[in-house]
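This report describes how the strands pair in the model shown below. A helix that packs on one of the sheets is covered as well.

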Amino acid sequence: MEIIKRGAEAILYIDFFENRKVLVKERIKKSYRLEELDKKLRIERTRKEVRLLTEARKIGVNTPQIFHVDEENGKIVMEFIEGKRLKDIMESLTEEEIVDIFQKIGEDIGRMHSMDIIHGDLTTSNMILKDEKIYFIDFGLGFFSKRIEDKGVDLNLLREAIRATHPKLLNLCWQNILIGYKKSFKDWEKVIKKVDEIERRARYVERSSKD
């Protein structure tokens, strides 16, 4: 067992399941919560994440395949994607590669939003490039919602993540995300309008805090 990430809510580690290398996500018990409540929350969150991963995969979005779920212990045993985190390779990509990759990303987000799947943590750290395909990982903060606001927040989060980590590439990435998104989500105009509104609100708050 090789731990690759230890977060506030879960640990991720590499293991073997039925003679194959897998990634295990195990939700951590919280001693400050009542034991019964803690168990209930871990079961619910595990169940929800499995459903999000499964539903996204059904509509053609690349996500890790799930091999086994242990709800009682908050464990998801899934495919280990042998690829590279997009965040780590962004600066080495050509403009042509960025155009292609981010149009695919936009299209996949549009597919998810069409099925009311909100990823909740869209960053280049949660996307893996393997064999010219983008895999979306870590749906731990995700949920289902029909609200345009939630879809706007989801997309805006990605824009802000790119702005923070790859500022020079922001315009190129964002333009191509939108091209892909428009192809796969019929209500794209409402969501983009909401994204712009969210950004204006953030700027207003920022200006007000400086006054």
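## Strand pairing

In this predicted model, three strands make up an open sheet in the order β6-β8-β9, and their pairing is antiparallel. β6 (84-85) and β9 (133-136) are the edge strands, each of them paired on one side only. Helix α3, spanning residues 95-114, packs on this sheet and touches β8 and β9. The direction of α3 makes about 40 degrees with that of β9.

β6 is joined to β8 (residues 127-130) by two bridges, and the two strands run antiparallel. Here arginine 85 stands opposite isoleucine 128 of β8.

Strands of a sheet pair through backbone hydrogen bonds, in either a parallel or an antiparallel way.

Further pairings involve β1, β2 and β3. β1 covers residues 2-6 and β2 covers residues 10-17; β3 covers residues 20-27. The table lists the bridges of these pairs together with those of β6 and β8.

| Strand pair | Sense | Bridges |
|---|---|---|
| β1 and β2 | antiparallel | four bridges |
| β2 and β3 | antiparallel | eight bridges |
| β6 and β8 | antiparallel | two bridges |

β1 and β2 form a hairpin, with three residues between the strands. Isoleucine 3 has tyrosine 13 in β2 as its bridge partner.

β2 and β3 also form a hairpin, with two residues between the strands. In this hairpin, glutamate 18 takes a positive phi near 50 degrees. The bridge partner of alanine 10 is arginine 27 in β3.

Note on methods: Residues are numbered from 1 along each chain as its sequence is written. This is a predicted model: local features need pLDDT of at least 70, side-chain atom pairs count only at pLDDT 80 or more; totals for chains, interfaces and linings use all residues. Side-chain values use heavy atoms; hydrogens and water are left out. Two strands pair if DSSP finds at least two bridges between them. Contact means heavy atoms within 4.5 Å. Axes are lines fitted to C-alpha atoms, for helices over the stretch in contact, and angles run from 0 to 180 degrees between N-to-C directions.
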